Amino acid sequence: MRTFGRPQGLLGRFGGIIMARTNADCGSWVSDLLEVGPNDSVLEVGFGPGVVIRRLSKLAAAGHVAGIDQSWEMVEQARARNATAIQSGHIDGRHGSVESLPFDDNSFDKALAINSMQVWPDAVAGLREIRRVMKPGGAIALGFTPYSGQPNKRLAETLIGAGFAKAHVVKTSKAFCALAMRP
């Protein structure tokens with residue numbers, strides 16, 4: 001947990017370096033599945049070292065990208081990696097928890113999490129909170145690599161239980177992603 005789940009200290013900084021490499025491809029794939037557009041407002045939960053949030057800021061070049069991470073180590077790495085976009089106000093990267101998102105209702109067109117849901121204290125509560133900050137018709141994607149430890153069984157049912165619709169799972173040989181819409 002100190003290295004990857006809730007990175008802290010030296011192990012957490014090292015974990016961030018590893019996550020920057022191992023999560024990048026999955027994050028790109030999931031961003032493509034979400035069809036992030038230039039004017040979208042996008043939320044990333046558990047942005048880690050900031051590699052995926054950087055890609056999102058390029059895809060939503062005229063929109064807005066925000067994220068939260070519960071690890072101060074990851075917030076610092078993401079802020080360093082995305083300093084220019086943060087200074088311009090294009091990226092809003094905050095320390096926080098998925099159970100209590102510091103954003104207004106109906107704020108985001110798209111939301112995603114890469115390899116993070118498995119460490120949330122209560123996945124359904126976290127998904128309900130994400131649903132609260134999403135606009136009606138918005139899309140959510142939960143991406144996982146084989147290293148996540150997250151089983152792909154019942155993910156669609158979990159999303160539906162949290163109030164999402166049209167939930168389904170897409171798989172490749174290297175990752176899987178649960179997608180759904182906010183009604």
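The following exercises, each with a worked solution, concern the predicted model shown above.

Residues are numbered from 1 along each chain as its sequence is written. Because the model is predicted, local features need pLDDT of at least 70 and side-chain atom pairs count only at pLDDT 80 or more, while totals for chains, interfaces and linings use all residues, and side-chain values use heavy atoms, with hydrogens and water left out.

**Exercise 1. Overall architecture**

Determine how many helices and strands the protein has, and in what order the elements run.

Solution. Begin with the assignment: helices (H or I, at least four residues) and strands (E, at least two) are DSSP runs, numbered from the N terminus. Under this assignment the protein has seven helices and seven strands. Read from the N terminus, the order is α-α-β-α-β-α-α-β-β-α-β-α-β-β. Next, consider burial, where buried means under 20% relative accessible area, exposed over 50%, and partly exposed in between (1.4 Å probe, protein chains only). Of the 183 residues, 51% count as buried. Finally, take contacts, defined as heavy atoms within 4.5 Å. Among contacts between residues at least 6 apart in sequence, 68% join residues at least 24 apart.

**Exercise 2. The packing of H2 and H3**

Describe how helix H2 (residues 24-34) and helix H3 (residues 51-59) pack, and state which residues make the contact.

Solution. The geometry comes first: axes are lines fitted to C-alpha atoms, for helices over the stretch in contact, and angles run from 0 to 180 degrees between N-to-C directions. On this basis H2 and H3 pack at an angle of about 35°, and their axes are 9 Å apart. The contact draws on Ala24, Gly27, Ser28, Ser31 and Asp32 from H2, and on Val51, Val52, Arg55, Leu56 and Leu59 from H3. To classify these residues, count Ala, Val, Leu, Ile, Met, Phe, Trp, Tyr, Cys and Pro as nonpolar, Asp, Glu, Lys and Arg as charged, and the others, Gly among them, as polar. The contact then comprises five nonpolar, three polar and two charged residues.

**Exercise 3. Valine 52 and isoleucine 114**

Establish where valine 52 and isoleucine 114 lie and what each touches.

Solution. Valine 52 belongs to helix H3 and is buried, at a relative accessible area of 6%. Isoleucine 114 lies in strand S4 (residues 108-114) and is likewise buried, at 4%. The two are 62 residues apart in sequence, with a C-alpha to C-alpha separation of 8.5 Å. Leaving out residues up to four places away in sequence, valine 52 touches Asn23, Gly27, Ser31, Glu44, Leu112 and Ile114. With the same exclusion, the partners of isoleucine 114 include Cys26, Val30, Val45, Val52 and Gly143.

**Exercise 4. The surroundings of aspartate 40**

Decide whether aspartate 40 is buried or exposed, and identify its polar partners.

Solution. Aspartate 40 is located in the loop between H2 and strand S1 (41-45). Its relative accessibility is 14%, so aspartate 40 counts as buried. For its partners, a polar contact is a pair of N or O atoms within 3.5 Å; within protein, one must be able to donate a hydrogen and the other to accept it, and residues adjacent in sequence count only if both atoms are side-chain atoms. The aspartate 40 side chain reaches the backbone nitrogen of glycine 37 at 2.6 Å. Side chain to side chain, aspartate 40 also forms a polar contact of 2.9 Å with lysine 110. Beyond four places in sequence, aspartate 40 is in contact with Glu35, Ala60, Gly63, His64, Asp109 and Lys110.

**Exercise 5. Cysteines 26 and 177**

Explain why cysteine 26 and cysteine 177 are not bonded to each other.

Solution. A disulfide is a covalent bond between the sulfur atoms of two cysteines. The criterion applied is a pair of cysteine sulfur atoms within 2.5 Å. The cysteine sulfur closest to that of cysteine 26 is in cysteine 177, at 7.1 Å, which is too far for a bond. By this rule the number of disulfides is zero. Both residues are buried, cysteine 26 at 4% relative accessible area and cysteine 177 at 0%.

**Exercise 6. Positive phi values**

Locate asparagine 115 and arginine 154, and compare their exposure.

Solution. Most residues other than glycine have a negative phi. Asparagine 115 has a positive phi, near 50°, and arginine 154 has one near 70°. Asparagine 115 occupies the loop between S4 and helix H6 (123-133), and at 16% relative accessibility it counts as buried. Arginine 154 occupies the loop between strand S5 (134-144) and helix H7 (155-161), and at 57% it counts as exposed.
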